[in-house]
Amino acid sequence: FDLRLHDHPALRHAAQRRRPVHIVFAWSDEEDAAQGDWQLAGTAAAFWLHHAIASLGASLRQKYGQQLVVRTGKTIAATLLQAAKEADADEVVTSSACEPAGPAGRTTDADVKRTLEAAGIRFCSFNSFLLQDITEVRVDMGTYRGHFGTLTPFHHAHMTRPPVPQPAPEAPALQVPCKAIGDEGIDALGFARMPLRKDGSVVDWGTPILQAWDISEEAALATLRRFLAPGGGLRRYEKDRQLADASAVTRISPYLRFGMLSCRLMYHEMRAAGAKEQSIVYWRRLVWRDLAYWQLMLFPQMRNEPIRAHYAGQTWNQDPKALEKWQRGQTGYPLVDAGMRELWTTGWMAQNARMVAAILLCEHLNIHWVEGERWFHHTLVDADQAINPMMWQNAGKSGLDQWNFTMNAATAGRTQDPRGEYIRRWCPELAKLPQKFLHCPWEAPEHVLREAGVEIGPRGNYPERIVIDLRAAAKKSADAIREQRKRCREWINDQGYDLIRLPSGATLAHDGQKFRVFTKPEYRNT
């Protein structure tokens with residue numbers, strides 16, 4: 001998706017042809033449903049997409065007097081062909097797909113291209129969703145710069161590509177067609193349709209998201225520029241990015257996810273603002289994003305299957321009640337509960353809050369990483385088909401870059417929410433606790449709990465901890481990984497590193513070979 005006017009090469013190309021332009025958003029419920037757990041319909045991201053399309057339509061009317069047409073059908077290819085014939089178009093242009101399959105997938109792009117060209121209509125796509133055309137990135141594993149699939153070797157390969165293009169100027173004008181084509185209207189997509197209770201009343205989970213966000217291209221640009229401006233969040237990012245209240249981060253991920261903000265414009269404005277000198281971590285965020293899509297291209301099943309395929313038989317905790325407590329922010333660990341409640345309400349939470357929640361689920365509860373990925377896909381407004389599985393694979397230790405750190409749900413709040421304001425906002429039942437006990441209410445004496453109106457337990461207003469001994473729990477989940485590795489010794493080298501077979505198109509000279517990937521010392525040394 002590239003739902004914006006700025007830096008939109010496809011839109012500019014259409015304008016330069018000086019012919020009538022029809023702007024069409026095409027969708028197929030069937031192609032979306034074929035994605036199974038990863039379909040967009042019914043998710044918080046789909047709700048965001050509805051409003052992003054509406055915002056783009058308003059911008060097109062205001063700037064160009066243009067109408068954004070919505071069309072649906074059995075396939076996107078057939079839908080676009082019908083629209084193109086109605087418009088008497090000789091060319092269809094769009095942004096290149098970056099996902100393997102689905103409505104925004106490369107298989108759909110290929111289907112559209114075949115269908116249109118068979119009818120004598122040209123098809124042209126532009127890489128404008130990522131910094132680089134990831135299909136052309138090959139890492140050099142002959143020179144050690146880090147393990148395969150980690151950021152450093154990918155970053156080196158990424159930077160050897162041609163420079164990131166400057167943002168394309170906005171199209172000065174678009175020729176309005178004399179005759180409009182049929183428009184089903186945005187509600188035909190069903191992205192903002194709310195579920196009904198048994199009594200027929202509406203479950204309106206969308207309003208809190210609208211209250212938390214300005215879903216518009218203008219807001220995306222303003223948010224970025226406010227962050228990069230002197231005195232903005234960038235100067236604090238390196239030191240304070242761990243804060244759960246997101247006061248030192250940009251909160252622009254959903255705008256990037258749906259192309260409301262150009263990553264190329266962001267890259268060049270970051271460069272002009274001296275982002276590399278102020279925070280090397282922030283400077284590399286967009287390359288890290290390209291890395292996620294590169295991994296998804298190479299491992300198209302990574303949303304469901306471990307990249308380290310020999311981890312597939314690992315033993316996981318199947319307790320549905322534990323999973324539900326985690327999902328609903330009822331774990332008994334205030335920082336995790338606050339984050340999961342913010343996610344459920346607003347569709348977002350800060351990166352470090354996501355990480356501590358993921359570690360509790362995978363490392364301490366030993367619940368399969370796919371369960372966390374599935375929940376985030378359903379609830380995040382920035383649910384990204386590449387970044388989300390890459391993060392969860394690494395959290396579950398089956399990804400290419402196993403997290404070589406941990407976060408303690410009992411103590412992380414002291415650094416992520418040092419003043420306790422975040423927990424007091426999202427866990428109001430704990431708001432009256434003294435700061436000393438806010439992150440660990442189980443340590444508070446009974447009289448302190450009573451005075452604060454807190455009662456812990458099944459009959460109280462705050463849950464008991466879902467797991468008490470985090471260290472023992474972490475050892476148990478690590479043992480499950482070690483046991484699985486023992487069953488697959490042919491995929492472990494003599495130094496204890498996991499091996500994978502490098503996929504075609506990944507490297508300069510090592511495709512198809514068994515190659516070692518980063519493996520935590522605690523797994524290698526046993």
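Let's start where I76, A77, L80 and L81 in helix α4 meet T108, D111, V112, T115 and L116 in helix α5. Please keep in mind that we are looking at a predicted model. Sorted by class, this contact has 6 nonpolar, 2 polar and 1 charged residues. If you want to find the two helices on the screen, α4 covers residues 76–87 and α5 covers residues 106–118.

How do we describe a pair like this? Two packed helices are described by the angle between their axes and the distance between the axes. For α4 and α5, the angle is about 40° and the axes are 8 Å apart. That angle makes α4 oblique to α5, because angles from 35 up to 65 degrees fall outside both the roughly parallel and the roughly perpendicular ranges. The crossing of α4 past α5 is right-handed.

Now let's move along the chain to helix α15, residues 320–327, and helix α18, residues 369–379. Their axes come within 11 Å and cross at roughly 40°. So α15 is oblique to α18, and this crossing is right-handed. Which residues of α15 and α18 make the contact? On the α15 side they are L323, W326 and Q327, and on the α18 side they are E371, G372, W375 and F376. Here the classes come out as 4 nonpolar, 2 polar and 1 charged.

Stay with α18 for a moment, since it also packs against helix α19, residues 387–395. The angle for this pair is about 150°, with the axes 9 Å apart. What does that make α18 relative to α19? Roughly antiparallel, because the angle is over 145 degrees. Once again we have a right-handed crossing, with α18 passing α19. From α18, the residues W369, G372, E373, F376 and H377 take part, and they meet N388, P389, M391, W392 and Q393 of α19. That contact divides into 5 nonpolar, 4 polar and 1 charged residues. If you were taking notes, you may have spotted G372 and F376 on the α18 side of the contact with α15, and they are on the α18 side of the contact with α19 as well.

Let's turn from packing to empty space. Rolling a probe the size of a water molecule over the atoms shows where empty space is left. How many cavities of 30 Å³ or more does a search of the whole structure find? The search finds 2.

The largest cavity holds about 90 Å³ of space. Its lining is made of 14 residues, and D32, L40, E99, P103 and Q385 are the ones that lie nearest its centre. Across that lining there are 7 nonpolar, 3 polar and 4 charged residues.

The second largest cavity has a volume of about 30 Å³. Which residues line this second largest cavity? They are H155, M159, Y267, W283, R284 and V287. By class, the lining splits into 4 nonpolar, 1 polar and 1 charged.

To finish, here are two things to try on the screen. Turn the model until you can see α18 roughly antiparallel to α19. Then look for D32, L40, E99, P103 and Q385 around the centre of the largest cavity.

Conventions
Residues are numbered from 1 along each chain as its sequence is written. This is a predicted model: local features need pLDDT of at least 70, side-chain atom pairs count only at pLDDT 80 or more; totals for chains, interfaces and linings use all residues. Side-chain values use heavy atoms; hydrogens and water are left out. Axes are lines fitted to C-alpha atoms, for helices over the stretch in contact, and angles run from 0 to 180 degrees between N-to-C directions. Helices (H or I, at least four residues) and strands (E, at least two) are DSSP runs, numbered from the N terminus. Angles under 35 degrees count as roughly parallel, over 145 as roughly antiparallel, 65 to 115 as roughly perpendicular and the rest as oblique. A crossing is left-handed if the near helix is turned anticlockwise from the far one by less than a right angle, and right-handed if clockwise. Contact means heavy atoms within 4.5 Å. Ala, Val, Leu, Ile, Met, Phe, Trp, Tyr, Cys and Pro count as nonpolar, Asp, Glu, Lys and Arg as charged, and the others, Gly among them, as polar. On a 1 Å grid over the protein atoms alone, a cavity is a set of points where a 1.4 Å probe fits but cannot get out, and a pocket is an open set with protein on both sides within 12 Å along at least five of seven lines; lining residues have an atom within 4 Å of a point. Grid points are joined across faces, edges and corners, and a volume is the space filled by probe spheres set on the points.
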